[in-house]
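Thanks, everyone. Let's take the metal site and then the pockets. Have a look at the model.

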Amino acid sequence: MTDLFGHTRSVVAPRYALITPPGLVRAPLPAWPDAACAVVISPAMGARFTQILVDLPPAAAARRAYPDDELLLFVRAGAVRVTIGDATQVGDADERLGPGGYAFIPPRRTYRIAADDTGADLLVFQRRYTPLADTPAPAPVVGHEQEVAGAPFMGDEAAMLKLLLPDAPAFDMAVNIFTFQPGATLPIVETHIMEHGLLMIQGQGIYRLADDWHPVQAGDVIWMAPYCPQWFVATGKTPARYIYYKDVNRDPLE
Ligand code: UGY
Ligand code: MN
């Protein structure tokens, strides 16, 4: 938006953060030793999950670093081969995923994520899984966002919502994709206990976060803490789309 020295649109506030691409600083992580990773949301900021942008070079691979963590990866560009388990458990998988492909890997499943010879840009949401009494941990999910049907959000055909994961008690995270036609809005200023991690994947708009209004565009990341008032309007002439994480299905005291 601007290349003025000393200026940034990024803001890290007590109840939200807006992180914009020009300020990203990347480094490898234990699970991604050959990748350039930008940890854009983390407990260091007050969040209870981690959101990472991973630039995985050609033929590089990732492995599990923390056995109790679950993760959802979404392919932004390039392609990866995702292998989960050894074909002996429900949901074990071995698939090539291009842009729009995604994989949910539950805790304690072995996996390997290997980039094609083109490399891959990934979005990863990761957190420690919260077990639920008498409920087995969820099985892996592998899919493509283009194959997921959207539904009007609170009856508005101009704001379509896709759920990438099953809405079932075993899952303690949801990852959804919103598509807003130009001028469409969230119908209310939401104020809720769930927190969000968000990546704008197309278009632009204005995000209300607490008492501030921020112009946002594709590539921007937003963290919203529990109870952070939030609202969005899509601006410009093309639809705006974002993918976001939400904690779900667990008692507030857990
Ligand atoms: O699922 C949600 O809470 C969603 N409507 N919030 C958001 O898009 N900021
Ligand atoms: Mn919300």
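Why does the arrangement of the six donor atoms around the manganese ion (ligand 2) count as octahedral? Keep in mind that this is a predicted model. The angles settle the matter: the six donor atoms subtend 77 to 173 degrees at the manganese ion, so the arrangement is octahedral. For that label, opposite donors have to be over 155 degrees apart, and all others between 65 and 115.

Now the protein side of the site. Glu190 donates through OE, His192 and His196 through NE2, and Gln230 through OE1. These protein donors lie 2.1 to 2.3 Å from the manganese ion. Along the sequence, the donor residues follow the spacing E-x1-H-x3-H-x33-Q. Two of them, Glu190 and His192, are buried.

On to the pockets. The largest one has a volume of about 350 Å³. It is lined by 17 residues, and Arg48, Asp247, Arg250, Asp251 and Glu254 are the closest to its centre. Two elements give two or more residues to this lining: β10 (111–128) and β20 (240–247). By class, the lining of the largest pocket has nine charged, six nonpolar and two polar residues.

Next, the second largest pocket. Its volume is about 290 Å³. Of its 15 lining residues, Thr50, Ile52, Tyr66, Asp69 and Gln126 sit closest to the centre. β4 (32–41), β5 (50–56) and β10 each give two or more residues here. Which element gives the most to this lining? That is β10, with three residues. The class count for the second largest pocket is nine nonpolar, four charged and two polar.

Key
Residues numbered from 1 in each chain as written. Chains lettered and ligands numbered in written order. Predicted model: local features only at pLDDT ≥ 70, side-chain atom pairs only at ≥ 80, totals over all residues. Heavy atoms only, no water. Donors = N, O, S within 2.8 Å, 3.2 Å for Na, K, Ca; no water. Tetrahedral: all angles 85-135°; square planar, octahedral: opposite > 155°, others 65-115°. Buried < 20%, exposed > 50% of the residue type's maximum accessible area, 1.4 Å probe, protein only. 1 Å grid on protein atoms, 1.4 Å probe; cavity = no way out; pocket = protein on both sides within 12 Å on 5 of 7 lines; lining within 4 Å. Points joined across faces, edges and corners; volume = space filled by probe spheres on them. Helix = DSSP H or I, 4+ residues; strand = E, 2+ residues; numbered from the N terminus. Nonpolar A, V, L, I, M, F, W, Y, C, P; charged D, E, K, R; others polar.
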